[in-house]
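Biologist: I would like to learn how to read a protein model. Could we go through it feature by feature?

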Amino acid sequence: MSLSQLPPDTLARWGVDPSWFTLPGQPTDQHWIPVSGGADSSALAILMHLLYPEVEFKLLFTDTLAEEPEIYTTLDKLEAFLEVTIIRLKPELGLYELIEKFGGYMPSASSRYCTRELKLRPWEMFLKGQIQSGQTVHAYVGIRSDEQQRLAFTHDLIETHMPFIDLDLRRKEVYAVLADTIGIPRSYDRRSRSGCSCCPFQRTTELVGLYQAQPLEFVRGMKIEKPASRDVDRFPANAMPVTEEVGLTANHLSFPIPERLIDPEASPVAWGKWQGRGEASLFGTTGFFVAYELLVHPGVGGDGVWWQGFVTFSTSLSGVRKQLDTFYQHRLATAELKGIDEDQMREELRLVIAFIEAPADLVDTDKLSAQSFTWKPGVSFAQIRHLVDWGRRSLHAAWIRQELARTVDTEDHPLSWRYEHRQGLKSALKKLHDVTGDVVCFDLYEPKEPDPEEEFDENLIACPMCSI
Ligand code: SF4
């Protein structure tokens with residue numbers, strides 16, 4: 001599909017009233033749209049081309065050589081859909097080389113040199129060579145009406161405009177533009193913005209998602225971190241996936257099904273007992289909370305679970321709950337990526353918190369020392385991998401035991417699926433020799449409904465140039 005094939009009522013369907021925005025300057029001025037390969041700038045480029053087919057918009061992408069792989073796919077799709085060529089600037093040194101050049105000093109909220117060096121400066125240098133005297137340069141950035149607190153980049157050379165704000169377009173409309181055209185980038189399933197794979201301005205849930213979806217990118221980022229000597233060997237990759245150990249493929253394994261999903265009359269877990277247990281105990285065990293998601297539909301049969309995913313971990317109950325509240329907002333906003341709408345997501349999504357106890361000599365839940373330099377303050381990639389692996393392994397083992405306990409009394413015919421299923425689980429349990437954590441309790445969690453008046457906190461310090 002291409003832009004010219006969109007039906008005539010498209011703008012109205014996207015909630016766009018063209019009279020609310022007037023193209024600034026003259027059509028002969030230069031009109032630039034910096035694109036990041038993310039949702040907002042891609043949707044903006046599509047919208048501007050649809051609103052002003054007579055204007056020659058120039059699209060520019062500044063590569064950091066550390067971008068999410070999905071970004072290049074989105075750029076390719078955008079080029080094909082608009083039938084234009086995106087100017088792609090490649091730096092001499094990418095993000096990782098730049099960090100090396102700066103002696104391993106990693107970018108952070110207080111020193112975002114990566115944006116300056118890899119996004120702003122190349123764009124400025126390039127633009128200087130493009131400007132002809134007397135010409136005004138207009139740049140259009142994809143800051144939406146629901147995120148007016150975000151900073152747009154400004155520059156002496158250009159006039160910056162934010163059409164989404166003038167047109168009062170929010171996340172929902174922006175995603176509708178993409179859903180109808182090139183599709184929402186798949187990485188938005190786990191992160192709320194585009195940008196470098198290991199960008200420090202990501203939440204823990206997003207980094208957990210990166211580890212599971214892009215393990216090579218994750219390991220690439222992990223090698224850059226500089227743990228303090230005390231932290232170097234603390235988080236080995238020693239929790240073997242249950243799939244490898246027992247030979248069952250991932251689609252034959254699940255996470256434990258909370259009692260309240262099986263029996264709606266069951267009592268909720270009294271979490272008070274587990275509060276404050278996220279640390280090594282005198283009995284040689286340590287505890288941590290994990291969270292996972294289930295998508296449930298009664299038409300699926302059995303427990304109705306048709307999709308599941310590991311979401312996050314925390315050493316405190318309040319920490320995991322807080323992460324889930326934000327994660328819930330993200331799931332509602334990106335429901336299309338699971339092939340359902342926001343209302344269906346609200347109906348089908350079940351968030352589960354589990355508390356896991358594991359041997360303290362194998363699982364390390366202690367804080368990182370302040371001398372460690374990591375992408376995200378207070379947590380290292382090695383630690384994320386360590387706790388996600390232990391969390392997933394423990395949950396899978398708990399599900400095998402739960403499933404066996406639930407089917408133990410059935411007397412099915414040896415040729416029936418249930419009989420085979422039980423035999424498979426028994427054999428899997430026999431092969432499970434390595435230590436697993438104990439899932440000592442787990443239950444559904446009711447996340448806070450987002451307040452429509454409150455702006456969605458996507459990322460408190462969103463990069464003005466990386467994720468437009
Ligand atoms: S996406 Fe993040 S890491 Fe990449 S340049 Fe922007 S701020 Fe830096």
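The turns below take up a sheet, a buried residue and some salt bridges.

Modeller: Keep in mind that this is a predicted model.

Biologist: Let us begin with the sheet. In what order do the strands of the open sheet of four strands stand?

Modeller: To read a sheet, go from one strand to its partner. Here the order is E7-E6-E8-E9, and the pairing is antiparallel. Strand E7 (305–314) and strand E9 (438–445) are at the edges with a single partner strand each, so each has one side without a neighbour in the sheet. On average, neighbouring strands are turned by 25 degrees against each other, direction ignored.

Biologist: How many bridges join strand E6 to E7?

Modeller: Eight bridges join E6 (residues 285–296) to E7, and the two run antiparallel. As for single residues, Leu295 stands opposite Trp307 in E7.

Biologist: Which helix packs on the sheet?

Modeller: That is helix H14 (residues 381–407), which touches E6, E7, strand E8 (349–359) and E9. The direction of H14 makes about 135 degrees with that of E7.

Biologist: Now a single residue. Is Leu11 buried or exposed?

Modeller: The reading rests on a cut-off: buried means under 20% relative accessible area. Leu11 has 18% relative accessibility, so Leu11 counts as buried. Leu11 lies in helix H1 (residues 10–13).

Biologist: Leaving aside neighbours within four places in sequence, what is Leu11 in contact with?

Modeller: The partners are Val16, Pro18, Leu47, Leu50 and Leu51. Take Leu50: Leu11 and Leu50 are 39 residues apart in sequence, and their C-alpha atoms are 8.3 Å apart in space.

Biologist: Next, charges. Why can side chains of opposite charge pair?

Modeller: They can pair when their charged atoms come close. In this model the count comes to 27 salt bridges. One of them joins the side chains of Asp76 and Arg88, at 2.8 Å from N to O. Asp76 is in helix H3 (residues 69–82) and Arg88 in strand E3 (residues 87–89), 12 residues apart. Asp76 is partly exposed at 42% relative accessible area, and Arg88 is partly exposed at 31%.

Biologist: Are Arg144 and Asp146 buried or exposed?

Modeller: Arg144 is buried, with a relative accessible area of 2%, and Asp146 is buried at 10%. Their side chains meet in a salt bridge of 2.9 Å, N to O.

Biologist: Which residues are linked with Arg144 and Asp146 in a network of salt bridges?

Modeller: Asp40 and Arg193 are linked with Arg144 and Asp146 in that network.

Key: Residues are numbered from 1 along each chain as its sequence is written. This is a predicted model: local features need pLDDT of at least 70, side-chain atom pairs count only at pLDDT 80 or more; totals for chains, interfaces and linings use all residues. Side-chain values use heavy atoms; hydrogens and water are left out. Two strands pair if DSSP finds at least two bridges between them. Axes are lines fitted to C-alpha atoms, for helices over the stretch in contact, and angles run from 0 to 180 degrees between N-to-C directions. Contact means heavy atoms within 4.5 Å. Buried means under 20% relative accessible area, exposed over 50%, partly exposed in between (1.4 Å probe, protein chains only). A salt bridge is a side-chain nitrogen of Lys or Arg within 4 Å of a carboxyl oxygen of Asp or Glu.
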